[in-house]
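Biologist: I would like a close look at a single part of this structure, the largest pocket. Please set that pocket in the context of the chain around it.

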Amino acid sequence: MLQPAKIKSSVQNSIGLRVNLPFFARFSMGRSRNRLCFRIFVLYKCKNYGMDTLQLLAMLFPIVFMIHEFEEIIMFRHWLLQNRTKLQRNFPKVEAFLFRHGFFHYSTATFAVGIAHEFFWVSFVSLFSVYQEAYQWWFAALMGYAVHLLVHIVQWCVYRKYIPVVITSLLTLPYCLVAFMVYIEFSASSLLQILLWTFVGIVLVLTSFPLTLFFMSRFHRWQNKR
């Protein structure tokens with residue numbers, strides 16, 4: 001059985017942060033004693049398997065990304081067909097862009113191909129960052145993804161109706177906030193460094209988008225030739 005001093009050390013070492021355990025305990029126990037025990041157990045196990053909190057968050061990133069993208073895969077085609085008239089009336093430039101790139105003719109499988117391309121790069125960056133301990137690249141991808149979520153939320157506010165990305169955008173945004181705070185504490189990055197890597201992440205997202213459209217277009221052509 002762990003002694004209190006060892007529990008405190010385990011918590012501090014596992015999450016990679018300086019935690020005032022008495023405050024942590026009072027806060028958690030005030031809501032649920034079982035929740036405190038669960039947190040300590042999880043953090044202790046993470047430490048035993050050589051995985052600190054930053055590593056855990058980086059490895060979770062592809063999963064969080066796919067939770068968001070599943071909503072788009074499942075709902076986007078149906079939503080486009082149901083809302084095309086409103087898009088033509090209220091957002092003609094958006095509708096023209098979607099039409100020009102063939103979105104209204106794409107199958108669900110075609111959308112899945114585009115997302116698979118993005119998933120590959122998210123997974124590669126996450127694994128590379130953990131293996132090389134180069135977490136700044138994971139942070140860049142994280143910030144690009146977070147900006148991507150904020151854009152979706154703004155789109156939802158402007159459209160004033162459901163769009164097939166907003167539910168999982170709201171659900172996965174807290175992960176981005178927690179990951180951001182843990183990385184800042186872990187790396188002690190300056191404001192300039194944060195802004196620089198955020199810019200890198202946005203550039204990565206923007207440069208991957210044309211490739212996503214390319215793979216979707218090629219798959220759509222192959223699918224129609226069958």
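**The largest pocket and its surroundings**

Modeller: Buried residues account for 39% of the chain's 226 residues. Bear in mind that this is a predicted model. The chain has nine helices and zero strands. From the N terminus on, the order of elements therefore reads α-α-α-α-α-α-α-α-α under the DSSP assignment.

Now the pocket. The volume of the largest pocket is about 1400 Å³. Five helices each give two or more residues to its lining: α4 (53-90), α5 (92-100), α6 (108-132), α7 (135-159) and α9 (191-225). In total, 47 residues line this pocket. Nearest its centre lie Glu-118, His-148, His-152, Val-205 and Phe-209. By class, the lining splits into 34 nonpolar residues, 10 polar ones and three charged ones.

Two of the lining helices, α4 and α5, also share a salt bridge. Glu-95 sits in helix α5 and Arg-84 in helix α4. The two residues are 11 apart, and the pair links distant parts of the chain. Their closest N and O atoms are 3.1 Å apart. That pair counts as a salt bridge because the cut-off is 4 Å between a side-chain nitrogen of Lys or Arg and a carboxyl oxygen of Asp or Glu. The structure holds one salt bridge. Side chains of opposite charge can pair when their charged atoms come close. The partners differ in exposure. Glu-95 has a relative accessible area of 9%, so it is buried. Arg-84 reaches 25%, so it counts as partly exposed.

Helix α4 also takes part in a nonpolar patch on the surface. This patch covers about 590 Å² and is made by Phe-70, Ile-74, Met-75, Tyr-162, Ile-167 and Leu-171. Two elements give two or more residues to the patch: α4 and α8 (166-187). The largest share, three residues, comes from α4. Tyr-162 belongs to the loop between α7 and α8. Its relative accessible area is 31%, so Tyr-162 is partly exposed. Membership of a patch requires over 30%.

Next, α7 and what follows it. Gln-155 lies in helix α7. Gln-155 is partly exposed, because its relative accessible area is 38%. Along the chain, Gln-155 and Val-165 are 10 residues apart. Their C-alpha atoms are separated by 9.6 Å.

Finally, look at two loops beside the lining helices. Most residues other than glycine have a negative phi. Glu-133 is not a glycine, yet its phi is positive, at about 55 degrees. Glu-133 is located in the loop between α6 and α7. Its relative accessibility is 59%, so Glu-133 counts as exposed. Ala-188 also has a positive phi, near 55 degrees, and is a residue other than glycine. Ala-188 is placed in the loop between α8 and α9. At 63% relative accessibility, Ala-188 counts as exposed, because the threshold is over 50%.

To return to the pocket: its lining includes 34 nonpolar residues, and Glu-118 is one of the residues nearest its centre.

Technical notes
Residues numbered from 1 in each chain as written. Predicted model: local features only at pLDDT ≥ 70, side-chain atom pairs only at ≥ 80, totals over all residues. Heavy atoms only, no water. 1 Å grid on protein atoms, 1.4 Å probe; cavity = no way out; pocket = protein on both sides within 12 Å on 5 of 7 lines; lining within 4 Å. Points joined across faces, edges and corners; volume = space filled by probe spheres on them. Helix = DSSP H or I, 4+ residues; strand = E, 2+ residues; numbered from the N terminus. Nonpolar A, V, L, I, M, F, W, Y, C, P; charged D, E, K, R; others polar. Patch = residues over 30% accessible without salt bridge, like charges linked within 9 Å, V, L, I, M, F, W, Y side chains within 5 Å. Areas by Shrake-Rupley, 256 points an atom, 1.4 Å probe, with all protein chains shown as cover. Buried < 20%, exposed > 50% of the residue type's maximum accessible area, 1.4 Å probe, protein only.
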